[in-house]
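Thank you all for making time this morning. I would like to take you through one model, beginning with its ligands and ending with its cysteines.

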Amino acid sequence: MLNVDRISVRRGKALVLRDISLSLEPRRTLAVVGESGAGKSTLIAAILGLVPCARGHVTWSGAPLGSARPSLVMQEPRSAFNPQLSLRRSVLEACVAQGLAPDTRRLERLCDGLELTSDLLDRRPFEVSIGQVQRIGILRALIAAPPLVLFDEPLSALDAVTQKHTARLIADLQAEEGFAALVVTHDLGYAAAYADDIAVLRAGKIEEIGATKAFVAAPQTAYGRTLRDAAFALGALERVA
Ligand SMILES: Nc1ncnc2c1ncn2[C@@H]1O[C@H](COP(=O)(O)OP(=O)(O)OP(=O)(O)O)[C@@H](O)[C@H]1O
Ligand SMILES: [Mg+2]
């Protein structure tokens, strides 16, 4: 289980995350929503130890998080890959990094679910579309069957139909394998459909955190209500009775 215990993060002179606590159990999905610049990507970086915490700590079942072999789907998919390498090589290196032999059947299954043809993997990152490289980023994150996956806007470059298929693939695999998922998203419709809990981040602080159903029915803060009502107005989120 992931435990984020009262972390604060500085970037330059500014405190960009303040006193953040959350926990996430296997099989569960936590969506992190909130305005641009709120600190969502910084939260992921801090969880992974890519930026230092000025205070607090992050653990996985009481041990340092590295022991969990977490994987990351980065917000900017193309820059997440080495431009010199074929995408296949980058994906397979994710297995090698975990000391695993590449599992061809798993690779085929994930490619099918993500609607990626094999020839795409033989190209380099700038030789495929952004939506394709975004899905290959998801493939790379899932190939080694991690216990924790951190997704930063994983569907942002995809059309609505591909979003739906990709979200389904992630959810099906999670149901089978039981990984914990933290998903940063601007799409409250996606969060409502797939996340057990929602955390609303604003200016580096958690405004509210709790069960998705309760949030959609009655946000606890004015900012939470603004976000929910904007999603209602866009038709991105359905009202619940
Ligand atoms: N290296 C840095 N030095 C100083 N400030 C930084 C640095 N990186 C990020 N920040 C600032 O930290 C804050 C949080 O940034 P972050 O990338 O976490 O936002 P975000 O919630 O992911 O936004 P978006 O939805 O636009 O991706 C922003 O104000 C940003 O300008
Ligand atoms: Mg971000």
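Let me start at ligand 1, where one of its oxygen atoms sits 3.2 Å from a polar backbone atom of Ala-38. Before going further, I should say that this is a predicted model, and that every distance I quote is computed from its atoms. The backbone of Gly-39 also takes part, since one of its polar atoms is 2.9 Å from an oxygen atom of ligand 1. A side chain contributes as well, with an N or O atom of Gln-75 lying 2.9 Å from an oxygen atom of ligand 1. As for how much of the ligand is covered, ligand 1 has 640 Å² of accessible area on its own, and the protein covers 59% of it.

If we now widen the view to the whole shell, ligand 1 is surrounded by Arg-11, Val-16, the run Glu-35, Ser-36, Gly-37, Ala-38, Gly-39, Lys-40, Ser-41 and Thr-42, and then Gln-75 and His-186. Sorted by class, that shell holds seven polar, three charged and two nonpolar residues. Helix H1, which spans residues 40-47, supplies three residues, the largest share of the shell.

Two of these shell residues bring us to the second ligand. Which atoms coordinate the magnesium ion? They are OG of Ser-41 and OE1 of Gln-75, at 2.1 to 2.3 Å. This pair links distant parts of the chain, for Ser-41 belongs to helix H1 whereas Gln-75 lies 34 residues away, in the loop between strand E6 (71-73) and helix H2 (87-97). With regard to exposure, Ser-41 is partly exposed at 30% relative accessibility, and Gln-75 is likewise partly exposed, at 39%. I would be careful about reading this site as complete, because water is not among the atoms, so sites may look incomplete.

Let me finish with the cysteines. How many disulfides does the model contain? The count comes to zero, and the reasoning rests on a cut-off, because a disulfide requires two cysteine sulfur atoms within 2.5 Å. The cysteine sulfur closest to that of Cys-95 is in Cys-111, and because the distance is 12 Å, it is too far for a bond. Taken from the other side, the closest cysteine sulfur to that of Cys-111 is in Cys-95, again at 12 Å and too far for a bond. Are these two residues buried or exposed? Cys-95 is buried, at a relative accessible area of 2%, and Cys-111 also counts as buried, at 7%.

Technical notes
Residues are numbered from 1 along each chain as its sequence is written. Chains are lettered from A and ligands numbered from 1 in the order in which they are written. This is a predicted model: local features need pLDDT of at least 70, side-chain atom pairs count only at pLDDT 80 or more; totals for chains, interfaces and linings use all residues. Side-chain values use heavy atoms; hydrogens and water are left out. Buried means under 20% relative accessible area, exposed over 50%, partly exposed in between (1.4 Å probe, protein chains only). A residue is near a molecule or strand if one of its heavy atoms lies within 4 Å of it. A polar contact is a pair of N or O atoms within 3.5 Å; within protein, one must be able to donate a hydrogen and the other to accept it, and residues adjacent in sequence count only if both atoms are side-chain atoms. Accessible areas come from the Shrake-Rupley method with a 1.4 Å probe; for residues, only the protein chains shown count as cover. Helices (H or I, at least four residues) and strands (E, at least two) are DSSP runs, numbered from the N terminus. Ala, Val, Leu, Ile, Met, Phe, Trp, Tyr, Cys and Pro count as nonpolar, Asp, Glu, Lys and Arg as charged, and the others, Gly among them, as polar. Donors are N, O and S atoms within 2.8 Å of the metal (3.2 Å for Na, K and Ca); water is not among the atoms, so sites may look incomplete.
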